[in-house]
Amino acid sequence: MTSFKPKQFSLVTCIGVCIVVLLAIVGWASLSVPSDFPENARFTVHENESLYTISTRLKEERIITSSTLFRAWISFMGKDRHVQLGVYTFDEPYTLGGVVAKFVSGVADEPLGRITIPEGSTTAEIIDIVRKAVPSISSQLFNQAVASRG
């Protein structure tokens, strides 16, 4: 029969207590809503904006309570590179989990723009349509995208 020595038992207990406390803090942060959540908040994700910048702005605008937990949650879901550009609206206060769900859904409430490409358009015609619709598009990134698609 294996018995624990007092030092081993206290270390295991300490680790267990730390894990429980950490889970309680994460749970509280995930389920709580900022007390000063803005009414009818609108949040815009811009081109080339990093998840770090998005999370920092969300915290500054009082939409979330923890930018670190927001980034960790989205990264854990594997969606850290898939946040869509556009405007996200929050008509009522959201928990952190609700905000994360909104951002990982893949659909902004208001896309930054829409472009209609007529059926049968050639690559050259599509390039012209996109450049006219979005003059601020990065030429280098756009050319790379076109080249990679053939």
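The crossing of helices H3 and H4 is right-handed in this predicted model, and the two helices pack at an angle of about 45°, with their axes 10 Å apart. That angle makes H3 oblique to H4. On the side of H3 the contact is made by Leu69, Phe70, Trp73 and Ile74, while H4 brings Leu96, Gly97, Val99, Val100, Phe103 and Val104 to it. Sorted by character, the residues of this contact divide into nine nonpolar, one polar and no charged. The structure is a prediction, and what follows should be read as a description of that predicted model.

Helix H4, which spans residues 96-104, is mostly covered, since seven of its nine residues are buried. The buried residues of H4 are Leu96, Gly97, Val99, Val100, Lys102, Phe103 and Val104, and among them are residues that also take part in the contact with H3, including Leu96, Val100 and Phe103. After H4 comes Gly106, a residue whose phi is positive, near 85°.

From this pair of helices the reader can turn to the interior of the protein. The largest nonpolar core holds 21 residues, and the members that touch the most others are Leu58, Ile63, Phe70, Phe90 and Phe103. Two or more residues of this core come from each of strand S1 (41-45), helix H2 (51-60), helix H3 (67-76), strand S2 (86-90) and H4. H4 gives the most to the core, with five residues.

Phe70 of H3 is a good residue from which to follow these connections. Setting aside residues up to four places away in sequence, Phe70 touches Leu51, Ile54, Ser55, Leu58, Ile64, Leu96, Val99, Val100 and Phe103. Several of these partners belong to H4, among them Val99 and Phe103, which are listed in the contact of H3 with H4. Others, including Leu51 and Leu58, belong to H2 and appear in the contact that this helix makes with H3.

That second helix pair deserves its own description. H2 and H3 pack at an angle of about 140°, with their axes 8 Å apart, and they are therefore oblique to each other. The crossing of H2 and H3, like that of H3 and H4, is right-handed. In this contact H2 is represented by Leu51, Tyr52, Ile54, Ser55, Thr56, Leu58 and Lys59, and H3 by Ser67, Phe70, Arg71, Ile74 and Ser75. The residues that take part divide into six nonpolar, four polar and two charged, whereas the contact of H3 with H4 has no charged residue.

It helps to place these elements in the whole chain. The protein has six helices and two strands, and read along the sequence they follow the pattern α-β-α-α-β-α-α-α. Of the 150 residues of the protein, 27% count as buried. Among the contacts with a separation of 6 or more, 57% are accounted for by residues 24 or more positions apart.

Two loops contain residues with a backbone feature that may catch the eye. Asn40, in the loop between helix H1 (6-31) and S1, has a positive phi of about 50° although it is not a glycine. Arg62, in the loop between H2 and H3, likewise is not a glycine and has a positive phi of about 65°. With a relative accessibility of 36%, Arg62 counts as partly exposed.

Further along the chain lies helix H5, which covers residues 123-133 and contains Arg131 as well as Ile129. Ile129 counts as partly exposed, at 25% relative accessibility. Leaving aside neighbours within four places in sequence, Ile129 is in contact with Ile115, Thr116, Ile117, Pro118 and Ser121. Its C-alpha atom is separated by 7.9 Å from that of Ile115, a residue 14 residues apart from Ile129 along the chain.

Arg131 is also partly exposed, with a relative accessible area of 34%. When residues up to four places away in sequence are not counted, Arg131 touches Ser139, Phe142 and Asn143. Arg131 and Phe142 are 11 residues apart along the chain, and their C-alpha atoms are separated by 9.1 Å.

Terms used
Residues are numbered from 1 along each chain as its sequence is written. This is a predicted model: local features need pLDDT of at least 70, side-chain atom pairs count only at pLDDT 80 or more; totals for chains, interfaces and linings use all residues. Side-chain values use heavy atoms; hydrogens and water are left out. Buried means under 20% relative accessible area, exposed over 50%, partly exposed in between (1.4 Å probe, protein chains only). Helices (H or I, at least four residues) and strands (E, at least two) are DSSP runs, numbered from the N terminus. A nonpolar core is a set of buried Ala, Val, Leu, Ile, Met, Phe, Trp, Tyr and Cys residues joined through side-chain atoms within 4.5 Å. Contact means heavy atoms within 4.5 Å. Axes are lines fitted to C-alpha atoms, for helices over the stretch in contact, and angles run from 0 to 180 degrees between N-to-C directions. Angles under 35 degrees count as roughly parallel, over 145 as roughly antiparallel, 65 to 115 as roughly perpendicular and the rest as oblique. A crossing is left-handed if the near helix is turned anticlockwise from the far one by less than a right angle, and right-handed if clockwise. Ala, Val, Leu, Ile, Met, Phe, Trp, Tyr, Cys and Pro count as nonpolar, Asp, Glu, Lys and Arg as charged, and the others, Gly among them, as polar.
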